[in-house]
Amino acid sequence: MKTFAELNFPGRLIAVEGLDGSGKSTQIYLLKRWLEAEGIRVYFSEWNSSELVKSATSKGKKRELLTPTTFSLIHATDFADRYERHLLPLLRTGYIVLCDRYIFTAFGRDVVRGCPPAWVRGIYNFAALPDLTFFFKADLEVSLNRILEGRPKLKFFEAGMDLRLSSDPYESFRVFQGRILEQYLAMSTEFNFIVIDANQRVEAQQAVVRQLVSQRIDLARFKRQKPLPPPPVRWNKKAVEIEDEPAE
Amino acid sequence: MKKNRNHIVVPRPGERRFYGHGIPGVHLDELVGKLIVVEGADGSGRSTQIARLVEWLETSGHATVQVGLKRSTLVSEELERAQEGNILSRTTLSLFYATDFADQLENIILPALKAGFIVLADRYIYTLMARDMVRGMDEAWLKNLYGVAVEPDAVFYLAVEAEELVQRNLSKNASLDYWESGMDLGLSRDMFDSFVQYQTAMQAAFRQLQKTYGFTIVDGNRSVEAVTEELRKKISAVLSGK
């Protein structure tokens, strides 16, 4: 498997990985804001967000129809749709693509659910490797607390309840997340994860991320030639009309 | 020996295996039913033959279940909708169908086999693999993907000439299906030409797959009765463990 740079794509792909509550989504959002402000062509893609597949996935989750195999396959379908329709064309055009979770999420989760590692990896072998993968490594207790603090209602699959680890969703979530963390740590060297200490403050992490991105990627190459054209007039007008509506 | 008209054959269990990694947690020796697959293009007579086989099997005392492509609870509607928009790229199409297949495998096929049913599959992984191969997907990738599938007890491929298929499809629907004509491949703007080219390529892919999976090719150019006769004879042999 090769990275997009090794495959001579003009674009670059940066992925973030980590447990729920590791703060990775916050970090990639801040990275995106910075790159946009720098005038760089950037696109953001989130795990499990394909318009085509999403309704099937949420039906499967809500009605608890998913097995480890179909859970794995439906997420692979979602990934393939985003990969072929958005990521590949944008990377060929020279975008910086930011991914909140990439194939490693599947490698970890699906294997914890009992799918054979070679099968899962084989399915995703159509995808190139990210040029940079940040792994946000927080102590298990820290990420668990971030998620569990508000005593949220954990969803069935999110808590790993399908694994029958415990009848208590919170206990199940703890064990499940612990096992995923083990998988991540085992993959870390193999896939060149850049490990970020996610126990630090948000700003401290972001500073490290921005510094590494500017060191590893020649950002000047990805600037827009000219600023974005103003939005079409029709669109502006509509925005004004909405503002004009009387407040209730 | 005089044959007893009320005699019901109890199928002999055979060797069971998955093609590859399989499904975690399944005990193969518990799958005592039989899995019979009928493959072939639209218009090859699959549905007609399956209906006739169900009639015959049930009359002979066997419980049956039918599965087919795009019939899963999980993704069939979404897959249908996505295909209507013709916006599916090839890997997505492939994985979408694999999800549909796996959902039926785990929720219908395996439980039915465990309960001793005869499962009749109106197409199986081979059509899915052939379609993907024609679209340039890697055969090794497909084999890994469909390593989840359990090996059937018999696979019959109803072979019908591409020109004959066109005639049958047109006389049935007065039109050709977009996907069954391979229109997404851009072979020809003419649907008729595209259909013939696509079905010819599909037949070549099936011949390629036949080397690995060794299914029985049945001449589907013959009369409905003649085809049923051959299928019944072969299925009887399967049930008695020959």
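**View 1. A:Phe135 and its partner across the β4–β5 pairing of chain A.** In this predicted model, A:Phe135 stands opposite A:Val195, a residue of β5(A). The two strands involved are β4(A), residues 132-137, and β5(A), and they run in the parallel sense with 4 bridges between them. Helix α1 of chain A, residues 24-37, packs on the sheet here, and β4(A) is among the strands that α1(A) touches. The others on that list are β1 (12-18), β2 and β3 (96-100) of chain A. Set against β3(A), the helix direction comes out at about 165°.

**View 2. The whole sheet of chain A.** Pull back a little and you have an open sheet of 5 strands, paired in parallel and ordered β2-β3-β1-β4-β5 in chain A. Its edge strands are β2 (42-46) and β5 (194-197) of chain A, each of which pairs on one side only. Going from one strand to the next, the twist averages 20°.

**View 3. Where α1 and α8 of chain A cross.** Now for the helices: the axes of α1(A) and α8(A), the latter covering residues 202-216, come within 10 Å and cross at roughly 55°. An angle like that makes α1(A) oblique to α8(A). As for handedness, the crossing of α1(A) and α8(A) is right-handed. On the α1(A) side, look for A:Thr26, A:Gln27, A:Leu30, A:Leu31 and A:Trp34. Facing them from α8(A) are A:Val202, A:Gln205, A:Gln206, A:Val209, A:Arg210 and A:Val213. Sorted by class, this contact between α1(A) and α8(A) has 6 nonpolar, 4 polar and 1 charged residues.

**View 4. Strand β1 of chain B, boxed in.** Over in chain B, 6 of the 6 residues of strand β1 (residues 34-39) are buried, so the strand is largely enclosed by the rest of the structure. Both of its faces are covered. One side carries B:Lys34, B:Ile36 and B:Val38, the other B:Leu35, B:Val37 and B:Glu39, and all of these are buried.

**View 5. The two neighbours of β1 in chain B.** Strand β3 of chain B (residues 118-122) runs parallel to β1(B) and is joined to it by 5 bridges. Strand β4 of chain B (residues 154-159) also pairs with β1(B) in the parallel sense, here over 4 bridges. B:Ile36 is a handy residue to follow: its bridge partner in β3(B) is B:Leu120, while in β4(B) it stands opposite B:Ala154. Next along, B:Val37 stands opposite B:Val155 in β4(B).

**View 6. The whole sheet of chain B.** Zoomed out, chain B shows an open sheet of 5 strands with parallel pairing, in the order β2-β3-β1-β4-β5. The edges belong to β2 (64-68) and β5 (216-219) of chain B, and each of those pairs on one side only. Between one strand and the next, the twist averages 25°.

**View 7. Where the two chains meet.** Here 24 residues of chain B are in contact with 27 residues of chain A. On the chain B side, α2 (76-84), α3 (90-114) and α5 (139-145) each supply at least two residues. The top contributor to that side is α3(B), which gives 9 residues. Broken down by class, the side of chain B that touches chain A has 12 nonpolar, 9 polar and 3 charged residues.

Technical notes: Residues numbered from 1 in each chain as written. Chains lettered and ligands numbered in written order. Predicted model: local features only at pLDDT ≥ 70, side-chain atom pairs only at ≥ 80, totals over all residues. Buried ≥ 20, exposed ≤ 12 C-beta atoms within 10 Å, placed from the backbone. Pairing = 2+ DSSP bridges. Axes fitted to C-alpha atoms, helices over the stretch in contact; angles between N-to-C directions. Contact = placed C-beta atoms within 7 Å. Nonpolar A, V, L, I, M, F, W, Y, C, P; charged D, E, K, R; others polar. Parallel < 35°, antiparallel > 145°, perpendicular 65-115°, else oblique. Left-handed = near helix turned anticlockwise from the far one by under 90°.
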